[in-house]
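Dear colleague,

Please find below the structure that I am handing over to you. A summary of what was found in it follows, and I would ask you to read it with the model open.

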Amino acid sequence: MKRRQFVGLLGASALGLLLPGAAFADDDRKRRSSGSTSTSAGTGVPADTGAVGSVVVVGGGMAGATAAKFLRLWGGSKVQVTLVDQNATYSSNIMSNLVLNGSTTMSQLTYNYNTLRTVYGINFVQGSVVGIVPPVGAGMGSVSLADGRVLTGNKIILAPGIEFDAVPGLTPALQDNYVTHAWKAGEQTTKLASQIRNMPAGGTFVMTIPASPYRCPPGPYERACIVADYLKKNKPGSKVIILDANPFIQAEKHTFETAFGVTHAGVIDYRPNQVVASVVVNTTGGKHAVSTNFGTLFADVLNVIPAHKAGKIITDNPALANVGGRWAGVDVRSYESTGVPNVYVIGDSASSGQPKAGHIANQEAKLCSDAITRALRGDLIPNSAPKTNSACYSPITADKASWLTVVYGYDAVNNRMVAVPGAGPIEAAVATQDNFNDMKKWFATLMADSFA
Ligand SMILES: Cc1cc2nc3c(=O)[nH]c(=O)nc-3n(C[C@H](O)[C@H](O)[C@H](O)COP(=O)(O)OP(=O)(O)OC[C@H]3O[C@@H](n4cnc5c(N)ncnc54)[C@H](O)[C@@H]3O)c2cc1C
């Protein structure tokens, strides 16, 4: 595939043009431009699409923000949408590895909900969801917040991202201050960047990768490359040791084998099959220790990424966490939970056959919004042949990047999404500056599609 075709595909998929639901959007756009629909809340939201009802979306990240926006865009003003997030703003994980070498800052990666509120008429509520009462039939369900407030809706979408398993020796306070994961971007990302900046020349940076599935399969390897590139230029003689619980590189194998063996040869030391047993944190400025099935290593900077599971509001409910008690089983034609009717799970918490990635979260959100819009119209059945595209760019140095793309289609036998034969995974032959520039465009398009 030529690079230009690939970038075109990214733009198309980020805008939903690969999805059947896009037909709705196109119809709505046509109606809007012909003046046959009015708008509400000062927006481009159509007044009446025939869909009527209310939806509560929990989690305003890549999946939840997109779902809220497209429910209004495709469902129209008679679909009331409440979006609830524990934070007032969203910190993007995507691109956050570039905070570690000082190329960007967390404030540049922060998004607010103003456009979703004012342009799309979404009711944004800041609060932490602690309980769910699923809607029964066409009735109302509810979510309850830690402060006692209750939000109601005919449908509930859960998009809480991920939670981590505990690591022996690490408490949340030790993770915030000494041995970060920085795998939920925010203050820990900034902390890890400052630890790297303060590392001595000739020092050791050790990072651990959990067993799959985890969010962003290429992300940890990308992080190792960015840190190695920074250390080579700023802390001569330093090393990056990757302790991977998996038996091999989980994504972009060619890209990262080249990066570890050629671009960053002598700096990155990749070790597969290494499972973290415990950590001893040094709070007085000395080295931290990490023990694995292969022994104990000492690190000036230690970055432990714990094993992942679905968000707590899902794992608290066994009927929702019906994939090994850790992930939510979903019907991938609609993202309705296979355990709890009228509750939908999208993004990293869902088990769908696709990677846990922001681009996929965006696409799952659109399919889910389309299915709910159809249900609230009462006259259409869900899309029976969903297709999604996962695209990912990986910076390998401060100015060169690689990319990976896969198209997924519906496997009706297993109700999973599977890679379409011949349509990926396809990865870049070589990391280039051109790819790095395309990465910035891809990121801006994706974030605008979800938040603007
Ligand atoms: C370093 C890094 C780099 C990455 N790079 C890429 C990339 O290049 N491309 C890509 O496609 N993906 C990338 N990803 C993965 C991507 O960030 C995630 O897959 C994506 O964010 C998942 O979206 P989500 O909506 O499921 O979760 P999130 O985006 O994490 O959103 C979850 C939201 O739910 C809220 N929430 C959770 N629980 C509650 C609750 N009980 N009440 C209220 N609110 C709650 C949280 O505050 C959060 O805002 C990267 C990830 C990391 C860590």
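**The ligand and its surroundings**

A polar side-chain atom of Tyr90 lies 2.5 Å from an oxygen atom of the ligand. Please bear in mind that the model is a predicted one. Asp85 also approaches the ligand through its side chain, where an N or O atom is 2.6 Å from a ligand oxygen atom. At Val129 the partner belongs to the backbone: a polar atom there is 2.9 Å from a nitrogen atom of the ligand.

How much of the ligand's accessible area does the protein cover? On its own the ligand has 1,000 Å² of accessible area, and the protein covers 95% of this. Helix 3 (62–75), helix 10 (358–377) and strand 23 (387–395) are the elements that give two or more residues to the surrounding shell. Helix 10 contributes the most, with three residues.

In total, 33 residues surround the ligand, and the closest are Ala63, Asp85, Tyr90, Arg215 and Asp348. Sorted by class, the shell has 15 nonpolar, 14 polar and four charged residues. Because domain 1 (19–163 + 309–384) and domain 2 (166–306) both give residues to this shell, the ligand lies between them.

Turning to the protein as a whole, there are 11 helices and 26 strands. The radius of gyration is 22 Å, which agrees with the value near 22 Å for a compact globule of 452 residues. The C-alpha atoms fill a box of roughly 65 × 50 × 45 Å along the principal axes. Of the 452 residues, 56% count as buried.

Yours sincerely,
A colleague

Methods:
Residues numbered from 1 in each chain as written. Predicted model: local features only at pLDDT ≥ 70, side-chain atom pairs only at ≥ 80, totals over all residues. Heavy atoms only, no water. Near = heavy atom within 4 Å. Polar contact = N/O pair within 3.5 Å; in protein donor to acceptor, adjacent residues only side chain to side chain. Areas by Shrake-Rupley, 256 points an atom, 1.4 Å probe, with all protein chains shown as cover. Helix = DSSP H or I, 4+ residues; strand = E, 2+ residues; numbered from the N terminus. Nonpolar A, V, L, I, M, F, W, Y, C, P; charged D, E, K, R; others polar. Domains from an automatic or database assignment. Rg over C-alpha atoms; globule rule 2.2 N^0.38 Å. Buried < 20%, exposed > 50% of the residue type's maximum accessible area, 1.4 Å probe, protein only.
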